[in-house]
Amino acid sequence: MRVGTENTRMRNGAEMKPLPLVCLPFAGVGASIFRTWWGREGHGLSIVPVQLPGREELIDDEPHRDIGAAIDELAPRVLAALRGRTEIAVFGHSMGAFLGYELAHRLIDTADIRVAVLVVSGSHGPHQSRRRQVTGLSDEQFLDGIAEFVGYRPAALDDPEFRELLLPVLRADAEMHERYRPSVDRPLPAPILTVRGSADDMVSAREVGQWQAVTTAPLLTAELPGGHMYPTEHADALLRLIAGTVGQPVGPSR
C-alpha cells in the first residue's frame, strides 16, 4: 500500500499536539543530524533525537556492538525524553531501522507505549543479512566499503587524527548492523512505513517489501528522490510524508 503526504485531518475537529518522532541514527553519525530537523515547520512532529554512545557528547562512552545491548541502554533514556507521552512515531534509517524496530517492540511490550507508525528507511527486512558487508576488513577496505554504501568518501576520513577518532565508532556500528538478528519472533503490533530513495542501489523495492512479514498491519511504502542517503537531502519531504501517514496536520510545501 503506497502512501502520500496530503493527509491533513484534525482529530475531533481540534488542533493536534505535535506527535513525538523518536529518531535513531544510521552508522557513524550522532543525534545532531536530527537536531537540524527541529527548526523545520509544517510537519506536526516533535523531533526526539536519540544519541548513541561513542559520539558527540557521549564520545568517551564505548560504542555498542550489539543491537540488543543498545536497546537495553536506550529504552529508559527514550522514555525519560518522552516526559509521559504515550503515543509516538519511530524513525530509523539503514542501521537505525533495526534499532527502531527493536525499540518499538521494547516500548510496546514494557512501557505501554502506542507506536502510531514505525518508519524504516533505506533498509531491507530484519530477517535478511546485508548483501555487502565490511566487518573484519582492513582499514582501507573498510573505508572503501563505507564510501560505497553512502555514495561518497568524506575528505575528513583521509585526516589521520579524525580517522583514528571515527574508525572505532564506524566499525562498531557496522558490526552491530551486520550481525543483527531480531530478538522477537512475533510481528510488531503497529503499522510500518518503508521509505527508500528511488535511486537506491543498496536496497531494492523487493527488499523493503520484506517488512510486511514483521507487522500485523498492511505494509505502507513510499519512495523519495535520491539514493541511499536521500534523508540528508530531502528532510522536509520525509517529515511531511511521516506526518501525513499518522494524520498530523501538514502545512504548505516550501
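**Figure 1. The largest nonpolar core of the predicted model.** This core holds 35 residues. Val 22 and Trp 211 touch the most other members. At least two residues each come from β1 (19-24), α2 (67-82), β3 (87-93), α3 (95-111) and β4 (114-121). Helix α3 gives the most, with nine residues. A second core of 25 residues is separate. Its members include Leu 19, Ala 116, Leu 224 and Val 246. In soluble globular proteins, nonpolar side chains tend to be buried together.

**Figure 2. Surroundings of Trp 211.** The contacts listed here leave aside neighbours within four places in sequence. Trp 211 is in contact with Ala 97, Phe 98 and Tyr 101. Trp 211 is also in contact with Val 120, and with Ser 123, His 124, Gly 125 and Pro 126. Ile 192, Thr 194 and Leu 219 complete the list of Trp 211 contacts. Within the largest nonpolar core, Trp 211 and Val 22 touch the most other members.

**Figure 3. The whole chain, for orientation.** The chain has seven helices and six strands. Along the sequence, their pattern is β-α-β-α-β-α-β-α-α-β-α-β-α. Of 254 residues, 52% count as buried. Among contacts with a separation of 6 or more, 80% join residues 24 or more positions apart. The accessible surface of the chain is about 11600 Å². Carbon and sulfur atoms account for 52% of that surface.

**Figure 4. The salt bridge between Arg 55 and Asp 173.** The closest N and O atoms of the pair are 2.8 Å apart. Arg 55 sits in the loop between β2 (45-49) and α2, and Asp 173 in helix α5. The two residues are 118 residues apart and link distant parts of the chain. Both Arg 55 and Asp 173 are buried. The chain has ten salt bridges in its count.

**Figure 5. A salt bridge within helix α2: Glu 73 and Arg 77.** The side chains meet at 2.8 Å, N to O. Glu 73 and Arg 77 are four residues apart, about one turn of the helix. Glu 73 is partly exposed, at 30% relative accessibility. Arg 77 is partly exposed too, with a relative accessible area of 32%. Gly 68 also lies in helix α2. Gly 68 has a relative accessible area of 32%, so it counts as partly exposed. The C-alpha atoms of Gly 68 and Tyr 180 are separated by 8.6 Å, although these residues are 112 residues apart along the chain.

**Figure 6. A salt bridge between strands: Arg 196 and Glu 223.** The closest N and O atoms are 2.7 Å apart. Arg 196 belongs to strand β5 (residues 192-197), and Glu 223 to strand β6 (residues 220-224). The pair links distant parts of the chain, 27 residues apart. Arg 196 has a relative accessible area of 8%, so it is buried. Glu 223 is partly exposed, at 34% relative accessibility.

**Figure 7. Glu 56 in a salt-bridge network.** Arg 35, Glu 56 and Glu 57 are linked in this network. Glu 56 is in the loop between β2 and α2. At 33% relative accessibility, Glu 56 is partly exposed. The phi of Glu 56 is near 50 degrees, a positive value in a residue other than glycine. Most residues other than glycine have a negative phi.

**Figure 8. Arg 83, a second view of positive phi.** Arg 83 has a phi of about 50 degrees although it is not a glycine. Arg 83 lies in the loop between α2 and β3. Its relative accessibility is 79%, over the 50% cut-off, so Arg 83 counts as exposed.

**Figure 9. A nonpolar patch on the surface.** Ile 59, Phe 162 and Leu 165 form the patch. Together they have about 260 Å² of accessible area. Phe 162 is in helix α5 (residues 160-178). Phe 162 is partly exposed, with a relative accessible area of 35%.

**Figure 10. Residues 21-38, annotated in UniProt.** An unreviewed UniProt entry places the feature "transmembrane region" here. In the model, residues 21-38 are 22% helix and 22% strand. The end C-alpha atoms of this segment are 11 Å apart.

Technical notes: Residues are numbered from 1 along each chain as its sequence is written. This is a predicted model: local features need pLDDT of at least 70, side-chain atom pairs count only at pLDDT 80 or more; totals for chains, interfaces and linings use all residues. Side-chain values use heavy atoms; hydrogens and water are left out. A nonpolar core is a set of buried Ala, Val, Leu, Ile, Met, Phe, Trp, Tyr and Cys residues joined through side-chain atoms within 4.5 Å. Buried means under 20% relative accessible area, exposed over 50%, partly exposed in between (1.4 Å probe, protein chains only). Contact means heavy atoms within 4.5 Å. Accessible areas come from the Shrake-Rupley method with a 1.4 Å probe; for residues, only the protein chains shown count as cover. UniProt positions are given in the numbering used here, feature names are shortened, and annotations may be inferred rather than shown by experiment. Patches are made of residues with over 30% relative accessible area and no salt bridge: like charges are joined within 9 Å, nonpolar side chains (Val, Leu, Ile, Met, Phe, Trp, Tyr) within 5 Å. A salt bridge is a side-chain nitrogen of Lys or Arg within 4 Å of a carboxyl oxygen of Asp or Glu.
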